[in-house]
Amino acid sequence: MRHRRREPAPGVFRLVLPLPFPGLDRVNAYLLHDDEGSLLVDCGMWDPAAEDGGFAELRAAVDGTGHSIEDIGALIITHAHIDHFGMAGRVVEEAGCELWMHEAARDQLEMYGDPGTLAEEMRAMLADHGVGPDEIGELTAFEDWRPFVHSLTGATRRLEGGETFDAGGRTWTVIHTPGHDLAHICLWASDDRILISGDTLLGSITPHIDFRRGDDNPLGDYLASLAKIEALEPALVLPGHGRPFEDGAERARVTARHHDRRLGAIVQVVRREPHTASEITNEIFGDTLLNFERRLAIGEALAHLAYLRRNGEVERIESEDKKFLYKKKSRRARDIDDDDQ
Ligand SMILES: [Zn+2]
Ligand SMILES: [Zn+2]
């Protein structure tokens, strides 16, 4: 890839790194540089098929800014998905830098280290929700991410949100924005209203909201994170994928409306009779998705169902063959629930 110098704001350089996925072929990292040195936000994926695992590409991208990997004092990760984090161990090794991540990212790293348990939990969850045994094997064939992570380097500084630091000639505040990932953070520079948004807010696509066994209400978290961003009114958003864009508040509203519509569509599906999550996924996303895409679609449907259960619009019942079914709650049942609280 050719790397030209992209500087969407003074001292803030956008690095565009390749990904080997058909639907998602690039990821952004950002180099924040001033006289004190450099800080790197995200670092791309470790790709065993690429030259030096893709590190040569990252080095070329940093060189293109006129700065150098060796000057990086800290690598800060918006969230530990492979496309943003996979190269981290190598960067830490080369630059001898610190690694800052949200404290909840530890769970994510543990999952990477233990794909057997991860896949087992996923199989159990899909069975609970009406996915047939043959299909479960196909859907969970892609839960081992280890090839795409250089090493499971732990954070040298664990963030929780609210911390501030100086980089690229301005002060940044860490904002915890769970939803797309429980440990997701955005970086906010209030002086010139710049938001580095990771995958929480993207310009032309909506980020995937997943659901795993034991999750509480990831979509509720996500909508709250969007509201946080809307209130900040970012003038410039630097996303994890795609071009920088203006008016972050409007994009946050549009993204929230997308989920509102999907919630409404799901309520329509379960209005007359109970459905499994698998059936609901077919109704909402179509039944032609294959393997990993369908796994993601089921996760997305479950995140919406968890939200609807939480706010009392939908209830979950168990069928005779021990599968979970979802149905719209009658007004009467909702009133009784309200009295309980
Ligand atoms: Zn992500
Ligand atoms: Zn991403």
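How do the residues of the lining of the largest cavity divide into nonpolar, polar and charged? They divide into three nonpolar, three polar and four charged. The legends below cover this cavity and other close-up views of the structure, which is a predicted model.

**Figure 1. The largest cavity and its lining, with a volume of about 40 Å³.** The count of cavities of 30 Å³ or more comes to one. The lining is made up of His-3, Arg-4, Arg-5, Arg-6, Arg-14, Leu-15, Val-16, Ala-61, Gly-64 and Thr-65. Strand β1, residues 12–18, gives the most to this lining, with three residues.

**Figure 2. The second largest pocket, with a volume of about 250 Å³.** Its lining consists of 15 residues, and those lying nearest the centre are Phe-211, Asp-215, Ala-306, Arg-309 and Arg-316. Two or more lining residues come from each of α5 (115–128), α10 (291–310) and β14 (324–328). Helix α10 gives the most, with four residues. By class, the lining of this pocket has six nonpolar, two polar and seven charged residues.

**Figure 3. The site of the zinc ion (ligand 1) and its protein donors.** The donors are His-79 through NE2, His-81 through ND1, His-180 through NE2 and Asp-199 through OD, and they lie 2.1 to 2.3 Å from the ion. Along the chain these donors follow the spacing H-x1-H-x98-H-x18-D. The four donor atoms subtend angles of 90 to 171°, and the arrangement is therefore irregular. For reference, the ideal angle for four tetrahedral donors at a metal is 109.5 degrees. The upper end of the range at this zinc ion, 171°, exceeds the limit of 135 degrees for a site to count as tetrahedral.

**Figure 4. The loops that carry His-81 and His-180 at the zinc ion (ligand 1).** The donors of this ion have the sequence spacing H-x1-H-x98-H-x18-D. His-81 is placed in the loop between β4 (72–76) and α2 (82–85), and His-180 in the loop between β8 (170–176) and β9 (185–189), so the pair ties together parts that are 99 residues apart in sequence. His-180 has a relative accessible area of 10% and is buried, the cut-off for buried being under 20%.

**Figure 5. The site of the zinc ion (ligand 2) and its protein donors.** Coordination is by Asp-83 (OD), His-84 (NE2), Asp-199 (OD) and His-241 (NE2), at 2.1 to 2.3 Å. The angles among the four donor atoms run from 87 to 153°, and the site is irregular. In sequence, the donor residues are spaced D-H-x114-D-x41-H. His-84 lies in helix α2 and His-241 in the loop between β11 (236–239) and β12 (245–246); this pair, 157 residues apart, links distant parts of the chain. His-84 is buried at 0% relative accessibility, and His-241 is buried with a relative accessible area of 9%.

**Figure 6. Asp-199 between the two zinc ions, ligand 1 and ligand 2.** Which residue bridges the zinc ion (ligand 1) and the zinc ion (ligand 2)? Asp-199 bridges them, and the ions lie 3.5 Å apart. Asp-199 is listed among the donors of the zinc ion (ligand 1) and also among those of the zinc ion (ligand 2).

**Figure 7. Cys-43 and Cys-186 in a structure that holds zero disulfides.** Cys-43 is in no disulfide, and the nearest cysteine sulfur, that of Cys-97, is 9.0 Å away. Cys-186 is likewise in no disulfide; for this residue the nearest cysteine sulfur is that of Cys-43, at 17 Å. A pair of cysteine sulfur atoms has to be within 2.5 Å to count as a disulfide. Cys-43 is buried at 1% relative accessibility, and Cys-186 is buried at 0%.

**Figure 8. The surroundings of Cys-43 in the loop between β3 (37–41) and α1 (55–63).** The C-alpha atoms of Cys-43 and Tyr-30 are 8.2 Å apart in space, and the two residues are 13 apart in sequence.

**Figure 9. Leu-308 in helix α10.** Leu-308 counts as buried, at 1% relative accessibility. Leu-308 and Leu-15 are 293 residues apart along the chain, and their C-alpha atoms are separated by 39 Å. Leu-15 is one of the residues lining the largest cavity.

Conventions. Residues numbered from 1 in each chain as written. Chains lettered and ligands numbered in written order. Predicted model: local features only at pLDDT ≥ 70, side-chain atom pairs only at ≥ 80, totals over all residues. Heavy atoms only, no water. 1 Å grid on protein atoms, 1.4 Å probe; cavity = no way out; pocket = protein on both sides within 12 Å on 5 of 7 lines; lining within 4 Å. Points joined across faces, edges and corners; volume = space filled by probe spheres on them. Nonpolar A, V, L, I, M, F, W, Y, C, P; charged D, E, K, R; others polar. Donors = N, O, S within 2.8 Å, 3.2 Å for Na, K, Ca; no water. Tetrahedral: all angles 85-135°; square planar, octahedral: opposite > 155°, others 65-115°. Buried < 20%, exposed > 50% of the residue type's maximum accessible area, 1.4 Å probe, protein only.
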